Amino acid sequence: MGGALARACAGPDVQLSLWGRDPDRLAAIAEACLAAGAKVETRSLDIADVDAAIAAARSEDMAAPFDLALLVAGLGETRAPGDLVEAAELVARLGTVNFTAPAAIGAALGERMAARRRGALVFIGSAAAFHALPFAAAYSGTKAGLARFADALRLNLRPHGVTVTLVSPGFIDTAAGRRQAGSQAGTRPFALSPDVVAHRIMRAVQRRQAHLILPWPFALLRLFDRALPAPLRDRLLLSLTPPA
Ligand SMILES: NC(=O)c1ccc[n+]([C@@H]2O[C@H](COP(=O)([O-])OP(=O)(O)OC[C@H]3O[C@@H](n4cnc5c(N)ncnc54)[C@H](OP(=O)(O)O)[C@@H]3O)[C@@H](O)[C@H]2O)c1
């Protein structure tokens, strides 16, 4: 998804900074963006080292101020087969990568953007945040936390000329997404291609949209979850099975 967003942003007069852990993946995305005329830098960094990620965000913004920061990185692991609950270590890892790191980087950049009175932040959450998924308590919980953080940060920064957009995708047809869903297309209803999602995200940013839920059936599911009586909702959620 990060690669599709980078390609959607790339063009002449655009300067990109691409972050990730895998230098080869970064280099391949950088090459495509360079071919589209963008200036590109890459940074190989594990955002689980939150202090290093905050420092890198501040120093890059000092050198070349960001107009737009897309916080895309996330882990989608769920409860392992046979486990009663998710392993404590997994819960801790997802807490750091899915919530603490993007929230902290967003805060660091948001503060600097507010001082310039311009800028946009995008947080990639998940439609899983709308539901208490028993086999993915950490994933749905960390994404729900990120969603609440993004909404509150949006209100905080709005008077200072900075916009915040939360994106809550259902299924995106990435390799990681397919892996999480047991690699069967049928288990990922309404899956969208990363390029379509990237295009919709860039349009939402231009419109200064607060929340983008896509595709639309996941917005309906969210309402359905809220409207159901609790015992019925619990029974439905318990009947959901984790990915194979
Ligand atoms: N695919 C879906 O169906 C779906 C649905 C809803 C929401 N989402 C969300 O969309 C986002 C992108 O998902 P995706 O499907 O594109 O997954 P992906 O292919 O696994 O991409 C995840 C990205 O996060 C980076 N990343 C992971 N851990 C990192 C770390 N500790 N430090 C730095 N970078 C790290 C990875 O880069 P490196 O490997 O180079 O580190 C990779 O670029 C995630 O936040 C995910 O939760 C996905």
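The questions and answers below deal with a predicted model of a protein with its ligand.

Trainee: How many residues surround the ligand?
Mentor: Start with the closest ones. They are R21, D46, V72, I172 and T174. The count for the whole shell is 27 residues.

Trainee: How do the residues of that shell divide into nonpolar, polar and charged?
Mentor: Take the charged ones to begin with: there are six. Seven more are polar. The nonpolar residues number 14.

Trainee: Which helices each supply at least two residues of the shell?
Mentor: One of them spans 137-157, and the other spans 175-180. Each gives at least two residues to the shell around the ligand. They are α5 and α6.

Trainee: Why does the ligand lie between domain 1 and domain 2?
Mentor: Domain 1 covers 1-44, and domain 2 covers 58-239. The ligand lies between them because residues of the shell come from both domain 1 and domain 2.

Trainee: Which residue has a polar side-chain atom 2.7 Å from a nitrogen atom of the ligand?
Mentor: A polar contact needs N or O atoms within 3.5 Å. V72 has a polar backbone atom 2.7 Å from the ligand, but the partner there is an oxygen atom. K143 uses a polar side-chain atom, yet its partner, at 2.9 Å, is an oxygen atom too. The nitrogen atom of the ligand is 2.7 Å from a polar side-chain atom of D46.

Trainee: And what percentage of the ligand's exposed area does the protein bury?
Mentor: Consider the ligand taken alone. It then exposes 880 Å². Of that area, the protein buries 86%.

Trainee: What span should helix α4 have, and how far apart are its end C-alpha atoms?
Mentor: Helix α4 runs over residues 88-116, which makes 29 residues. At 1.5 Å a residue, the helix should span 42 Å. That agrees with the distance between its end C-alpha atoms, 41 Å.

Trainee: Where is the kink in α4 centred?
Mentor: The helix bends by about 35°. The centre of this kink is T96.

Trainee: Which residue follows α4?
Mentor: Look in the loop between α4 and β4. The residue there has a positive phi, near 60°, and is not a glycine. Directly after α4 comes R117.

Trainee: What is the omega of the cis peptide bond at P215?
Mentor: P215 sits in the loop between β6 and α8. The cis bond joins L214 to P215. Its omega is about -10°.

Key: Residues numbered from 1 in each chain as written. Predicted model: local features only at pLDDT ≥ 70, side-chain atom pairs only at ≥ 80, totals over all residues. Heavy atoms only, no water. Near = heavy atom within 4 Å. Polar contact = N/O pair within 3.5 Å; in protein donor to acceptor, adjacent residues only side chain to side chain. Areas by Shrake-Rupley, 256 points an atom, 1.4 Å probe, with all protein chains shown as cover. Helix = DSSP H or I, 4+ residues; strand = E, 2+ residues; numbered from the N terminus. Nonpolar A, V, L, I, M, F, W, Y, C, P; charged D, E, K, R; others polar. Domains from an automatic or database assignment. Expected span 1.5 Å × (residues − 1). Bend = angle between axes of the 7 residues up to and from the residue.
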